[in-house]
Amino acid sequence: FSLSNNSLVHGGHARQAEVASSFPPLQTYTEEEGMMREAVKKYAQERIAPLVSKMDENSHMDEEVIKSLFEQGLMGIEIDPEYGGTGSSFFSSILVIEELAKVDPSVAVLCDIQNTLINTLFVKLGTPAQKEKYLNRLSTDMIGSFCLSEAESGSDAFALKTRAEKHKDYYVINGSKMWISNAEHAGVFLVMANVDLSAGYRGITCFIVDRDTEGLEIGKKENKLGLRASSTCPLNFDNIKVPEKNILGEVGHGYKYAIGMLNEGRIGIAAQMLGLAQGCFDHTVPYTRQRVQFGKRIFDFQGMQHQIAHVATQIEAARLLTYNAARLKEAGRTFIKEACMAKYFSAEVATLTTSKCIEWMGGVGFTKDYPIEKYYRDCKIGTIYEGTTNIQLSTMAKFIDKEYNV
Amino acid sequence: MSGRVLVGVKRVIDYAVKIRVKPDNTGVVTDGVKHSMNPFCEIAVEEAVKLKEKKLIKEVVAVSCGPQQSQETIRTALAMGADRGIHVDVSGKDYENLGPLQVSKILAALAKQEDAQLILLGKQAIDDDCNQTGQMTAALLDWPQGTFASEVSLEGDKINLVREIDGGLEHIKINTPAVITADLRLNTPRYATLPNIMDSLMNNETELHKPNHRTSLCVGLIPLFETVAPEDMQGGTDRSGAMLRHTVLQSGLGLHTRSLVVFSIGIGKNKTKLGTV
């Protein structure tokens, strides 16, 4: 290469341009992702927004909403079109969950659990027969529930006591589960039960249990603070018979699958909390720009501006953590620590944002006539489910410990 | 009958966006502003797709005239169920001067080229509110037109149409081929489902046409009007229609065709009423 000044400068610029295009900013989307996001945004605004308040008050997800979620292809985002799915990517799911959460976090969690937990488990672990039987239905009309937690085992998930006794070619399952989302409408349950309690967590196995299985009892919905439209029920298994062919994956490997799925589901929850925070923020700022006190917009008071800018920064940071964790996972790189960070941070940001938004709205923020108080109630579960904040922090610490172990 | 329907889709500033006038007062800000398909065009696409689902027509072709970004609008039409798209590439100065007359000439030429049985358009675009393209296209092709349609049904080679007019609803029966423009209550457009979006992205069947003197889509993209700020007008003077006409002709706007120029004159309190030349 020539040593003349001109070409060095030229070469320098060309290389810079090359670097810039290979490392686009995190908020860069493929055309597919962009179109999906626009479509979901419009759908959520027009079809879901009008029903949000009613669903929250009645603690009931409207059947029309569930039907339209399936019709729009939002329940089988990563499932192959061969099985009736959309055939898109993990990042598209994340964007969809974020957009839905801006309007209603309850609807977002329904979509999140289906896509990131249920569908992923079937796609990764299902035998051809199992895929044939369930994937089509999961993309078109059947909701799934993931059953891990029990009354005596939440964070300490592997201390679960639901047991499965082997008989010839079937298992008899006894026990109960708690806090099962989507249970009211689910057609299939992925139940984590232990086939050999003496082996500890190495006996945990994942069973596919159809809703109409005899002995399966779905308890009464919990009366919750937030995410009320999302049903959360206890489950009881009274000598239910599950055929051997209904085992998903391998016997005794359930704990691995649970951890693996929850690592990904974490990013989905981060997206939900992110959407929640953004949706709440988007409702509040216009109000601050309209409301006039002491002769000026409340937005124009420096105290308000500083608070608003601070919250906006936190939301942006949560977005970058979430998107980066999602892209890392898609790239097949290690992402567990980053996923923990995203979930932990987004949940905290959601709490901060919603709390501040109520304050900025003043008296009206405190009433149910405005959507803000619902976001405030909905955000709290973010620090609790799919791994409490303390669990996330401990997991991160383990990774950090390893990193410095040279 | 080919059973082919051409649907015109226009890329416009999204209806929810707050419009801002450019600092030089020559138009509105479009850079970086959210654009989407004209709502009436969505209704037209929906009607075309419905006709195809009823098996009354065979193919829906979405057409858009504009710059590169018009392809996004065509893709939305494909995601709603159109079979293929035609993008007539018009950009830069030509795009600024693109109006109903030019678009209708393009559509007329395409209709002949594609052997279309029906042209479905939105009644008007929400950016210019012209409400002219459908009518002009029909006139150029010498086809019957059913404008402001709120109900469309095909009966053999005729179309039964209900039009929303000032006096109420008008029922007409027209022959095909014809031009129909969609009004608000014709239907409720469907959402593009995610699987359809995926399909539309894999659909490579959008042709690109560049209108110039070499192709059959040669249209005269001559500016029909010019926007000027009334900077040299003074308030407080009695302006009659004759004076106004004189002023306009004197300013030499170089109009190539006789067209309606509407002026708003006067500043502040001394506004006189709108005049036409």
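**Exercise 1. The interface**

How much area do chain B and chain A bury between them, and what percentage of it is on carbon and sulfur atoms?

Solution. The model is predicted.

- Step 1. Chain B and chain A together bury about 1400 Å², and carbon and sulfur atoms carry 66% of that area.
- Step 2. Three residues, B:Tyr191, B:Leu194 and B:Met198, account for 51% of what chain B buries against chain A. No other three residues supply more.
- Step 3. By contact, 14 residues of chain B meet 20 residues of chain A.

**Exercise 2. Polar links across the interface**

Find the count of salt bridges and of residue pairs in polar contact between chain B and chain A, then name the elements of chain B that give two or more residues to the side touching chain A.

Solution.

- Step 1. Between chain B and chain A there are three salt bridges.
- Step 2. One of them links B:Arg75 to A:Glu31; the closest N and O atoms of this pair lie 2.6 Å apart. The pair qualifies because the cut-off for a salt bridge is 4 Å.
- Step 3. Five residue pairs, with both residues at pLDDT 80 or more, are in polar contact between the two chains.
- Step 4. On the side of chain B that touches chain A, two or more residues come from each of α2 (70-80) and α6 (194-202) of chain B.
- Step 5. The largest share of that side is from α6(B), with six residues.

**Exercise 3. Three strands in sequence**

Describe how β7, β8 and β9 of chain B are joined.

Solution.

- Step 1. In chain B, strand β7 (residues 145-155) pairs with strand β8 (residues 158-165) in the antiparallel sense, over six bridges. Within this pairing, B:Val152 is opposite B:Leu161 of β8(B).
- Step 2. The hairpin of β7(B) and β8(B) has two residues between the strands. In this hairpin, B:Gly156 adopts a positive phi near 65°.
- Step 3. β8(B) also runs antiparallel to strand β9 (residues 168-175) of chain B, and eight bridges join them. Here B:Ile159 has B:Ile174 in β9(B) as its bridge partner.
- Step 4. The connection from β8(B) to β9(B) is a hairpin through two residues.

**Exercise 4. A surface patch**

Which residues form a nonpolar patch on the surface with B:Ile19, and where is B:Ile19 placed?

Solution.

- Step 1. B:Val21 and B:Val28 form the patch with B:Ile19. Together the three have about 250 Å² of accessible area.
- Step 2. B:Ile19 sits in the loop between β2 (11-13) and β3 (35-37) of chain B.

How values were computed: Residues are numbered from 1 along each chain as its sequence is written. Chains are lettered from A and ligands numbered from 1 in the order in which they are written. This is a predicted model: local features need pLDDT of at least 70, side-chain atom pairs count only at pLDDT 80 or more; totals for chains, interfaces and linings use all residues. Side-chain values use heavy atoms; hydrogens and water are left out. Patches are made of residues with over 30% relative accessible area and no salt bridge: like charges are joined within 9 Å, nonpolar side chains (Val, Leu, Ile, Met, Phe, Trp, Tyr) within 5 Å. Accessible areas come from the Shrake-Rupley method with a 1.4 Å probe; for residues, only the protein chains shown count as cover. A salt bridge is a side-chain nitrogen of Lys or Arg within 4 Å of a carboxyl oxygen of Asp or Glu. Helices (H or I, at least four residues) and strands (E, at least two) are DSSP runs, numbered from the N terminus. Two strands pair if DSSP finds at least two bridges between them. Contact means heavy atoms within 4.5 Å. Buried area is the accessible area (1.4 Å probe) that two parts lose on being put together, summed over both. A polar contact is a pair of N or O atoms within 3.5 Å; within protein, one must be able to donate a hydrogen and the other to accept it, and residues adjacent in sequence count only if both atoms are side-chain atoms.
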